[in-house]
Amino acid sequence: MAGTVHGVLTGYDGSPGSEEALTWAAREARARGAVLTVCQAWALGYPAPPTEVAAFELARRSGELTLAQGVRHAQAVMGSLEVRPLLAAGPAAAMLCECSGDAEMVVVGSRGHGGLAGLLLGSVSWQVAAHARGPVVVLRGHWRPAAGYVPGPVVVGVDGSAASATAAEFAADEAALRGAALLAVCALADSAGSLGGAGRLREDFDQAITRCEKGHPGVAVHRQIVDGSARDALLAAARSAQMLVVGSRGRGGVPGMLLGSVSQAVLHHAPCPVSVVHPR
C-alpha cells in the first residue's frame with residue numbers, strides 16, 4: 001500500500017524478540033523504500049508508585065526511553081530512510097491493531113517482555129496476528145544470513161479461499177522483493193468430505209497461482225499439490241523457507257473464527273518467519 005501513514009509498523013518493548021522483529025522490519029522497510037514506524041506502547045506498571053501522577057509519569061518516561069533505544073537501533077539499519085517513533089498509551093496489542101489499517105504490514109516478535117516461560121507465542125503476538133488488518137509478520141526461527149546460507153523460497157498455502165488468494169499475492173510480492181522463488185502449496189486432505197472437492201480445489205489453486213505468475217513475471221513459481229494435511233505440508237516446506245505465508249482463515253474454517261486451525265498451527269510451530277494475511 002503506497003502512501004500508508006505508518007509504512008512498515010513494528011512493536012518494540014526492548015525485549016530480544018522485539019529487537020529481532022525491529023531489525024527484520026527495518027530491512028523490509030528499506031527494501032520497500034517505505035517509512036518504518038517503531039511503536040512503543042506503555043501502561044501503568046505494578047506495583048505503582050504512591051500517587052497516580054507519579055505512576056503516570058514513571059510509565060511514560062520509561063516508554064520514552066525504550067522507544068528512543070528502538071529508534072536508534074532502527075536508524076542504524078535504515079540509513080537515510082525515515083524512522084518514525086510512535087509512543088502510545090495503552091495495551092500494545094490494541095495499539096498495533098488500531099494502527100494496522102494505516103500500515104503496509106505489522107511486524108512483531110514471537111514473544112516480548114512479560115511472556116510466560118515456555119510459551120511458543122506471546123499474547124501480544126497472538127492478538128495482533130488474530131485481530132490486525134492486512135499482513136502481520138511474526139518473527140520465528142532463524143532468518144539472519146550466516147556463512148553458507150542459501151536463501152530459500154517464500155512458501156504460501158493456497159486452498160482456493162479468498163483469504164488464501166490475498167495471501168498468494170502478498171507472498172508473490174515478497175518473493176519479487178527478495179529475488180526469491182515462490183513455492184505454492186495446496187493440500188487436498190480437507191476436501192475429502194465434499195463430492196468433487198479435490199477437483200474444484202485443484203482448479204481454484206491453479207487459477208490463483210496463474211494470476212500470481214501473470215502479475216509477477218520475474219518470479220519463479222513452483223506448485224506443490226499434496227494428499228496430506230495443510231498443516232503438515234506447510235510445516236515441512238517451511239524447513240527450507242525464508243518466509244511462510246498463510247491467509248487468516250481457509251475455506252474449511254469455522255465461521256466466526258479469526259484464525260483458522262492451519263494459521264494457528266504454523267504461528268506456533270513454523271521454523272521461519274510467518275505472515276498471516278488478513279483482507280483489509
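Start by selecting A184 in this predicted model, and then add R223, which is its bridge partner in strand β8. Widen the selection to strand β7, residues 182-187, and to β8, and you will have two strands that run parallel and are joined by six bridges.

Next, colour the whole sheet, which is open and has ten strands in the order β3-β2-β1-β4-β5-β10-β9-β6-β7-β8, with mixed pairing. Strands β3 (83-89) and β8 (221-226) stand at the edges, and because each has a single partner strand, one side of each is left without a neighbour in the sheet. As you step from one strand to the next, the twist averages 20°.

Now turn to the helices, beginning with α4, residues 123-131, which lies across β4 (103-109), β5 (135-139) and β10 (274-277) and runs at about 155° to β4. Within α4, select S125, V128, A129 and A130, which are the buried residues of this helix; among the elements that cover them are α3 (92-100) and α8 (261-269), along with β4, β5 and β10.

Move on to helix α5, residues 162-178, which lies across β4, β5, β6 (154-157), β7, β9 (243-247) and β10, and which runs at about 155° to β9.

Finish at L177, a residue found in helix α5. L177 counts as partly exposed because its relative accessible area is 33%, a value that falls between the 20% limit for buried and the 50% limit for exposed. Leaving aside residues up to four places away in sequence, L177 touches E28, A31 and R32. Select R32 together with L177, and you will find the two C-alpha atoms 7.5 Å apart in space, although the residues are 145 apart in sequence.

Key. Residues numbered from 1 in each chain as written. Predicted model: local features only at pLDDT ≥ 70, side-chain atom pairs only at ≥ 80, totals over all residues. Heavy atoms only, no water. Pairing = 2+ DSSP bridges. Helix = DSSP H or I, 4+ residues; strand = E, 2+ residues; numbered from the N terminus. Axes fitted to C-alpha atoms, helices over the stretch in contact; angles between N-to-C directions. Contact = heavy atoms within 4.5 Å. Buried < 20%, exposed > 50% of the residue type's maximum accessible area, 1.4 Å probe, protein only.
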